[in-house]
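Okay, thanks everyone for squeezing in. I'll just walk you through one structure today, so have a look at the screen.

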Amino acid sequence: MPANKKDPEPPGLAQVRFLTVAEVATMMRVSKMTVYRLVHNGELPAVRVGKSFRVPEQAVHDYLRSAYFDAG
């Protein structure tokens, strides 16, 4: 294993679609601050790229699925 790699690359990482915070906010119909809060609280996984975050699209779907409840 090369010295500069900590962990082996997960299989299928090339197929992961990453979204910006703005794209996630639009998708969820919330503010960007709400998305940042979810990321910082660990409720929504994200990858830091430079000074910005990228969120796997599947993580957004998983979060919404788990947050969904039937009112009534």
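One bit of vocabulary before we start: two strands count as paired if DSSP finds at least two bridges between them. And keep in mind that this is a predicted model.

So, the sheet. We have an open sheet of 3 strands here, in the order β1-β3-β2, and the pairing is antiparallel. Out at the edges sit β1, residues 18-20, and β2, residues 47-49, each with pairing on one side only. On average, neighbouring strands in this sheet are turned by 40° against each other, ignoring direction.

Let's zoom in on β2 and β3. Those two pair in the antiparallel sense over 3 bridges, with β3 covering residues 52-56. One contact to look for: valine 49 has serine 52 in β3 as its bridge partner.

Now, what packs on the sheet? That's helix α1, residues 21-28, which touches β1 and β3 and points at about 85° to the direction of β1.

Next, a backbone oddity. Most residues other than glycine have a negative phi. Arginine 29 isn't a glycine, yet its phi is positive, about 60°. You'll find arginine 29 in the loop between α1 and α2, the latter being 32-40. Arginine 29 is exposed, too, at 78% relative accessible area.

Last stop, the aromatics. The structure holds 1 aromatic pair. Tyrosine 36 and phenylalanine 53 meet edge-to-face, 6.3 Å centre to centre with 65° between the planes. That pair links distant parts of the chain, helix α2 and strand β3, 17 residues apart. Buried or exposed, what is phenylalanine 53? Its relative accessibility is 11%, and the cut-off for buried is under 20%, so phenylalanine 53 counts as buried. Tyrosine 36, at 30%, is partly exposed.

Methods
Residues numbered from 1 in each chain as written. Predicted model: local features only at pLDDT ≥ 70, side-chain atom pairs only at ≥ 80, totals over all residues. Heavy atoms only, no water. Helix = DSSP H or I, 4+ residues; strand = E, 2+ residues; numbered from the N terminus. Axes fitted to C-alpha atoms, helices over the stretch in contact; angles between N-to-C directions. Contact = heavy atoms within 4.5 Å. Buried < 20%, exposed > 50% of the residue type's maximum accessible area, 1.4 Å probe, protein only. Phe/Tyr/Trp six-rings, centres within 6.5 Å; stacked < 30°, edge-to-face > 60°.
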